[in-house]
Amino acid sequence: MSDFDLVVRGNLVLHDRVIEQGWVACRDERIAQVGQGAPPAATSTVDYRGSWILPGCIDGQTHSSSQAGQEGIGIASRAAAAGGITAFVDMPYDDPQPVTSGALLREKIRLVERDAHVDVALYGTITSSEQGLEEIPGLIEAGVCAFKFSTFEANATRFPRIDDELLYQAFSRIAPSGLACGVHNQEQEMTRQNIARLTAAGDTGWDAFGRAHPPRVEDLATARVFELGAETGARAHAVHVSTSRGFDIGRMYQEAGFAASVETCVQYLMLNEEEHMSRLGALTKHFPPLRPRAETERLWRHVAADEAVFVSSDHVAWGLERKGNPNIFLNAAGGPGLETLLPAFWTGCQERGLSPSLVVRQLCRGPAQHFGLARKGALAAGCDADITVLEPGQFRYDPSRSLSAVKWSAYEGRMFSVRVAATFLRGRLAYDGARLCNEPGSGRFLAPTAIREEVRT
């Protein structure tokens, strides 16, 4: 009788080193041992020697339900498995009803338990009124892993602006829980003035979007978010920083002893205004916008120095009908990213000579620690047996084969230096490099156990 259920062989990528000719031994849904050389006997041994073996990756920012009837948890989780993502953290801005109470969170948890192919953690938010504050304890009790707010109104009901005083009150109430307060960092008045001026002048092409959202629109909001965190003792988190100055502001608060954290998204590292938005237009419209190539390279320096707590995709599967207006301001912002986050980020790191371990720190260990997902993000004894296998080579990305709700991508035709060859969730094959291998409901809801334990002690 074998001591282990599963052994996976290959080059192991840990957060601080690579173990060549390594192996991971799994038993009862957990990693039991990690080693090098000849592996132990197991009921099943899979040999990926020559490939990279990573902890299952975590996408820390997704929007699976922004468009009613379009994607949802189930379809998004298929795309996640195909992208080597074994857990994703879904935003609360669902259509038509955002997740603003414990009851609504429990409703979404039921969807996760019924439909998900990978594990899912959930953000909560509040309405833009004093009453919204009263729902915070219920959301915490129901198991949110973080809260999300916005300083800009993208939609009055689904994605409202939370004004400074209400944001202060929310931060104050959340602070004792230890949960992060993530904020969409965008100055509303400045944005609207810029859009109104450009629209009046008939200046609404693709390049107008960047002029309507210059770095100061983002950086001023980022500073306010961190100052509110400093005032309240809350963990203030900027969710999609696209400027070098945003990282500088975050570091200033960190060095002063405050719990400030910065996240960026893979599109701000791998896409830029000159090469991509000029060619793809609204397909690459994001909030905040893609920046010039020089700014992108500055962001890479911050990420290489581990100044980002993690890198995410900000995935949202808008249909193309929301991306075809010649007026850039009338198109939806965002795009699909669950399947491309890992291969794109890995490729970008490899092109710049950065260690594979950086990928593990940014896509595995970082988000697991940030959201308090205690058994995720590492190839270590006691962790869930979530494993991603990457085959090295040259692979042209073809979104027509996507398992997402849409068949388009800003990365169409891009050469990636790896592809996902397999995804294991708790020791069971979820994706084999070509097809989905598990059933809806295989994924589980993740509550932030690590943060709660730290707060209690």
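## Exercises on a predicted model

Four bridges, given as 4 in the count, join strand β9 (residues 180-184) to strand β10 (residues 235-238), and the two run parallel. Helices (H or I, at least four residues) and strands (E, at least two) are DSSP runs, numbered from the N terminus. This is a predicted model, in which local features need pLDDT of at least 70, side-chain atom pairs count only at pLDDT 80 or more, and totals for chains, interfaces and linings use all residues. Residues are numbered from 1 along each chain as its sequence is written, and side-chain values use heavy atoms, without hydrogens and water.

**Exercise 1. Follow the pairing from β9 through β10 to β11.**

Step 1. Take β9 and β10: V183 has A238 as its bridge partner in β10.
Step 2. Move on to β11 (residues 260-265): 3 bridges join β10 to this strand, again running parallel. Two strands pair if DSSP finds at least two bridges between them.
Step 3. Find a residue pair here: H237 stands opposite S261 in β11.

**Exercise 2. State the strand order of the open sheet of 7 strands and place the helices against the sheet.**

Step 1. The order is β3-β2-β1-β4-β13-β14-β15, with mixed pairing.
Step 2. β3 (30-36) and β15 are the edge strands, each pairing on one side only.
Step 3. From one strand to the next, the twist averages 30°. Axes are lines fitted to C-alpha atoms, for helices over the stretch in contact, and angles run from 0 to 180 degrees between N-to-C directions.
Step 4. β14 and β15 are antiparallel, over 3 bridges. F424 has L429 in β15 as its bridge partner.
Step 5. Helix α13 (residues 341-351) packs on the sheet and touches β1 (4-13), β4 (42-55), β13 (387-396) and β14. Its direction makes about 130° with that of β14. Contact means heavy atoms within 4.5 Å.
Step 6. Helix α14 (residues 356-371) lies across β1, β2 (18-27) and β4, at about 105° to β4.

**Exercise 3. Determine how covered helix α1 is, and by what.**

Step 1. α1 spans residues 72-82, and 9 of its 11 residues are buried. Buried means under 20% relative accessible area, exposed over 50%, partly exposed in between (1.4 Å probe, protein chains only).
Step 2. Among the buried residues are G72, I73 and G74.
Step 3. The cover includes β6 (85-90), α2 (102-115), β7 (119-124), β14 (415-425) and β15 (428-431).
Step 4. Just after α1, G84 takes a positive phi of about 75°.

**Exercise 4. Examine the loop between β6 and α2 at P96 and T100.**

Step 1. P96 lies in this loop. The peptide bond joining D95 and P96 is cis, with omega about 10°.
Step 2. T100 sits in the loop between β6 and α2 too. T100 is buried, because its relative accessible area is 9%.
Step 3. Leave aside neighbours within four places in sequence: T100 is in contact with T125, I126, T127, E135 and L139.

**Exercise 5. Classify D28 and D306 by phi and exposure.**

Step 1. D28 is not a glycine, yet has a positive phi of about 55°. D28 lies in the loop between β2 and β3.
Step 2. D28 has 60% relative accessibility, so D28 counts as exposed.
Step 3. D306 also has a positive phi, near 60°, and is a residue other than glycine. D306 is in the loop between α12 and β12 (310-312).
Step 4. At 38% relative accessibility, D306 counts as partly exposed.
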